[in-house]
Amino acid sequence: MKDKQPQSIYFVGAGGIGMANLVRYYLRHGVKVGGYDRTPSALTDALISEGADIGFEDDPALVGPEFRNPATTLVVYTPAVPESNRILTMFREGGFEVIKRAALLGKITRNSRAICIAGSHGKTTTCSMTANILRNSEVGCTAFLGGILRNTGSNLVLQEESDVTVIEADEYDRSFHHLTPWIAVVTSTDPDHLDIYGDEAHYLEAFSIFTSLIRPGGTLITHTGLNYLPETKEGVTVETYSGGSEGDWHTENIRFGNGKILFDLIGPDVRITDVNPGVPAEINIDNAVAAAAAAWHAGASDDEIRNGLAEFRGARRRFEIHLDGSDNPSGTVLIDDYAHSPHEVEASIASIRKLYPGKRLSVIFQPHLYTRTRDFAADFAKALSGADEVIMPEIYAARELPIPGVDSHIILSRIEKAEKHYCERKDLLNLIKNSNFEILMTLGAADIDRIIPKVKEILQNS
């Protein structure tokens with residue numbers, strides 16, 4: 001890295017998935033790393049075991065002495081941290097350099113060949129697929145992932161001999177505008193984060209700005225049919241892709257069976273037969289095509305692409321199969337998915353229907369954010385109506401304060417056809433103990449995954 005490294009870095013919001021890979025990166029580079037997060041988690045436990053000094057009280061007095069010199073300490077924060085945070089306020093008032101996580105990613109990637117993958121959905125899996133192909137290829141990569149790559153057990157891939165960096169380009173708070181892509185991928189532009197953007201037009205404009213940041217001589221790989229207008233510099237190649245028959249990169253001969261998906265991948269002067277996307281969710285056909293196109297432009301061979309995809313085990317919480325039905329007395333299938341937009345929920349349910357035809361599907365969906373619930377209640381209800389049964393706890397507030405009149409019932413009341421129940425999160429395990437499921441799927445970007453170990457225990461002993 002050509003930018004001068006600080007002696008120490010303090011991360012405010014250190015336990016977030018997007019911050020944790022930066023914590024790991026700097027620990028591996030010998031920098032003293034500390035931080036604060038609101039609550040302990042398995043991820044913060046792992047970071048502490050790797051050498052990070054992380055605390056869980058918002059008390060400036062608890063910040064260690066090695067992080068108190070403005071001349072040697074950089075402070076990094078995530079937009080999810082409230083402005084009222086006392087530790088962050090101390091650093092701002094103390095003359096420290098305080099930057100957003102995205103600005104630090106921009107510094108790291110400025111002097112590398114950066115593959116930046118953006119989109120309202122699909123970016124974590126596509127980013128993870130791309131990293132898995134490249135880390136096992138002659139090209140190699142360093143990758144900052146928005147999920148834990150199950151192949152490695154980490155959200156950081158670090159191969160310093162490679163000058164290729166794979167980054168999940170997050171549109172929240174316009175974070176991806178700090179990046180300078182060599183290759184950019186846009187997977188989707190379904191409106192989201194309207195609490196930040198205000199309306200769909202400004203959300204789409206942010207993607208146009210992102211594409212304008214691609215370096216001359218670089219490449220944009222964008223999904224067909226998206227309703228934003230790319231604004232690329234002269235000399236940037238623009239290619240389209242899809243998981244169907246359209247686009248410069250597309251598929252032929254898609255086959256479903258025996259718990260697998262196979263297809264032939266077609267690109268400009270490229271044909272790779274019998275591609276297996278590793279995790280058999282139908283949406284992963286799209287994701288695999290995008291990842292293959294990005295990896296091919298980075299220099300991966302056809303065989304390296306085929307093998308990297310086949311060996312992909314997924315990112316945690318992305319269509320993660322915890323029980324396949326053969327490992328518990330009741331034969332229940334248990335799947336967890338981070339799906340938190342109406343399109344993602346609909347795609348996850350559609351994948352289940354193709355993989356397990358005729359099976360009864362029960363979904364526990366935990367809404368994430370009051371604003372997202374308010375803005376997309378009708379769309380969520382339509383998507384969830386594809387299940388046989390929907391169980392919904394209260395909204396997970398995350399960074400937001402409650403909005404009067406906005407609760408889980410504004411989704412639940414609009415669901416048609418499916419059986420539907422409201423159940424507070426604290427009562428979910430008791431409900432599961434007293435139910436019989438064929439397929440149980442937990443969905444959402446909140447903390448619903450934290451009950452999975454207990455759910456597995458219940459199902460395996462039922």
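Reader: How do you know how far apart the mean positions of the positive and negative charges of the chain are?

Author: In this predicted model, the comparison rests on 45 positive and 63 negative charges, whose mean positions are 3 Å apart. Lys and Arg were counted as positive and Asp and Glu as negative, so His and the chain ends do not enter into that value.

Reader: What makes the chain as compact as a globular protein of that length?

Author: The secondary structure comes to 14 helices and 21 strands. The radius of gyration is 22 Å, and the globule rule gives 23 Å for 462 residues; the two values are close, and the chain is therefore described as being as compact as a globular protein of that length. Along the principal axes, the C-alpha atoms fill a box of roughly 65 × 55 × 40 Å. Buried residues account for 56% of the 462 residues, while the accessible surface of the chain comes to about 18,600 Å², with 47% of it belonging to carbon and sulfur atoms. Among contacts between residues at least 6 apart in sequence, 64% join residues at least 24 apart.

Reader: Why is Ser 162 counted as buried?

Author: Its relative accessibility is 12%, and buried means under 20%, so Ser 162 falls within that class. Ser 162 is placed in the loop between β8 (154-157) and β9 (164-169), and, with its neighbours within four places in sequence left aside, it is in contact with Val 139, Gly 140 and Cys 141.

Reader: Why is Asp 173 called partly exposed?

Author: Asp 173 has a relative accessibility of 21%, which lies between the limits of 20% and 50%, and therefore it counts as partly exposed. This residue lies in the loop between β9 and β10 (183-186), and it has a positive phi of about 55° although it is not a glycine.

Reader: What makes the phi of Phe 319 worth a remark?

Author: Most residues other than glycine have a negative phi. Phe 319 is not a glycine, yet its phi is positive, at about 50°. Its place is in the loop between α9 (302-310) and β16 (320-324), and its relative accessible area of 5% is under the 20% limit, so Phe 319 is buried.

Reader: How do you know that β14 and β15 are joined, and which way do they run?

Author: Pairing requires at least two bridges, and four join strand β14 (residues 260-267) to strand β15 (residues 270-275), so the two strands count as paired; they run antiparallel. One of the bridge partnerships sets Leu 265 against Ile 272 in β15. The two strands form a hairpin with two residues between them, and Asp 269 in the turn has a positive phi of about 60°.

Reader: What makes β18 and β19 a pair, and which way do they run?

Author: Three bridges join strand β18 (residues 361-365) to β19, which satisfies the requirement of at least two, and therefore they pair; these strands run parallel. Ser 362 has Glu 389 in β19 as its bridge partner. From β19 (residues 389-392), Glu 389 and Ile 391 point one way and Val 390 and Met 392 the other way, and all are buried.

Reader: Which residues does Ile 410 touch, and how do you know?

Author: Contact means heavy atoms within 4.5 Å, and, not counting residues up to four places away in sequence, Ile 410 touches Thr 373, Arg 374, Ala 377 and Gly 405. Ile 410 lies in helix α12 (residues 409-412), and its C-alpha is 23 Å from that of Leu 440, with 30 residues separating the two in sequence.

Conventions: Residues are numbered from 1 along each chain as its sequence is written. This is a predicted model: local features need pLDDT of at least 70, side-chain atom pairs count only at pLDDT 80 or more; totals for chains, interfaces and linings use all residues. Side-chain values use heavy atoms; hydrogens and water are left out. The radius of gyration is taken over C-alpha atoms; the globule rule is 2.2 Å times the number of residues to the power 0.38. Buried means under 20% relative accessible area, exposed over 50%, partly exposed in between (1.4 Å probe, protein chains only). Accessible areas come from the Shrake-Rupley method with a 1.4 Å probe; for residues, only the protein chains shown count as cover. The place of a charge is taken as NZ of Lys, CZ of Arg, CG of Asp or CD of Glu.
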